[in-house]
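Student: Could you take one residue of this chain and look at it closely, and then work outwards to the strand, the sheet and the helices around it? I would like to see how the parts connect.

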Amino acid sequence: MSTATTVTPLTTQDAEALVVAARAAAESAGVTVSITVLDAGGHLLAFRRDDRAVLISGETSTRKAWTALQLNAPTADLVDAVQPGGLFHTLPTALDRPLLFIAGGIPLHRDGRLIGALGVGGGAPAQDHAFACAAAAAVLDAAPAQRA
């Protein structure tokens with residue numbers, strides 16, 4: 001008999017709500033951003049780039065989400081680990097699909113299980129992290145601790 005607990009996966013409805021919430025947080029700060037939502041398998045569920053967001057923000061939001069998903073950690077918590085002498089110093093260039101160690105990517109959990117990731121790019125790293133956390137708190141009623 002299986003004792004595994006079924007966890008509802010991240011849905012497209014969740015993803016769209018995360019995009020709306022992250023965009024609202026960014027808009028209230030006067031920042032234009034790109035937002036990426038990935039499911040637990042790393043597949044794109046939602047993406048949005050504000051009309052005036054810098055073009056590279058689309059790529060950075062996606063890489064931040066991918067990094068947060070693969071390491072199951074907020075990218076804000078990993079920045080020091082890739083510095084010279086850090087635990088993951090060579091990791092940014094070790095893989096075929098590049099990781100990005102800049103604040104703004106967070107893993108998403110439901111009932112303690114990883115269900116996907118959210119990445120925000122376009123603002124300052126601390127702003128992107130705050131926008132992602134605000135969206136997760138609004139939609140999933142849980143978010144990683146805010147970092148300064």
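Tutor: What follows starts with one side chain and moves outwards step by step.

The model is predicted, and local features need pLDDT of at least 70, side-chain atom pairs count only at pLDDT 80 or more, while totals for chains, interfaces and linings use all residues. Residues are numbered from 1 along each chain as its sequence is written, and side-chain values use heavy atoms, with hydrogens and water left out.

Let us begin with arginine 110, which belongs to strand β3, residues 105-110; strands (E, at least two residues) and helices (H or I, at least four) are DSSP runs numbered from the N terminus. Is arginine 110 buried or exposed? Arginine 110 counts as buried because its relative accessible area is 18%, where buried means under 20%, exposed over 50% and partly exposed in between, with a 1.4 Å probe and protein chains only.

The side chain of arginine 110 has polar partners. One of its polar atoms lies 2.7 Å from the backbone oxygen of threonine 8, and the side chain of aspartate 14 is joined to that of arginine 110 by a polar contact of 2.9 Å. A polar contact is a pair of N or O atoms within 3.5 Å, of which, within protein, one must be able to donate a hydrogen and the other to accept it, and residues adjacent in sequence count only if both atoms are side-chain atoms. If we leave aside the neighbours of arginine 110 within four places in sequence, its contacts (heavy atoms within 4.5 Å) are Val7, Thr8, Pro9, Leu10, Asp14, Ile115 and Leu140.

Next comes the strand that holds arginine 110. Five of the six residues of β3 are buried, and the strand is therefore described as mostly covered. Strand β3 runs antiparallel to strand β4, residues 113-121, and six bridges join the two; strands pair if DSSP finds at least two bridges between them. Within this pairing, histidine 109 has leucine 114 of β4 as its bridge partner. The hairpin of β3 and β4 has two residues between the strands, and there aspartate 111 takes a positive phi near 55°.

On to the other strands. Strand β1, residues 34-39, is joined to β4 by six bridges, again in the antiparallel sense, and valine 37 of β1 has leucine 118 as its bridge partner in β4. Valine 37 also stands opposite alanine 46 in β2, since β1 and strand β2, residues 44-49, pair in the antiparallel sense over five bridges. The hairpin of β1 and β2 has four residues between the strands, and glycine 42 takes a positive phi near 85° in it. Six of the six residues of β1 are buried, and both of its faces are covered, with Ser34, Thr36 and Leu38 on one side and Ile35, Val37 and Asp39 on the other.

Put together, the four strands form an open sheet with antiparallel pairing in the order β2-β1-β4-β3. Its edge strands are β2 and β3, each of which pairs on one side only, and the twist averages 15° from one strand to the next. Helix α2, residues 56-71, packs on this sheet and touches β1, β2, β3 and β4, its direction making about 155° with that of β4; angles run from 0 to 180 degrees between N-to-C directions of axes, which are lines fitted to C-alpha atoms, for helices over the stretch in contact.

Aspartate 14, already met as a partner of arginine 110, also takes part in a meeting of helices. Asp14, Ala17, Leu18, Ala21, Ala22, Ala25 and Ala26 in α1 meet Phe131, Ala134, Ala135, Ala136, Ala138 and Val139 in α4. Helix α1 spans residues 12-28 and helix α4 spans residues 125-140, and they pack at an angle of about 130° with their axes 8 Å apart. The two helices are therefore oblique to each other, since angles under 35 degrees count as roughly parallel, over 145 as roughly antiparallel, 65 to 115 as roughly perpendicular and the rest as oblique. Alanine 134, placed in α4, is partly exposed, because its relative accessible area is 34%.

Finally, the whole chain has four helices and four strands, which run α-β-β-α-α-β-β-α from the N terminus on, and buried residues make up 44% of its 148 residues.
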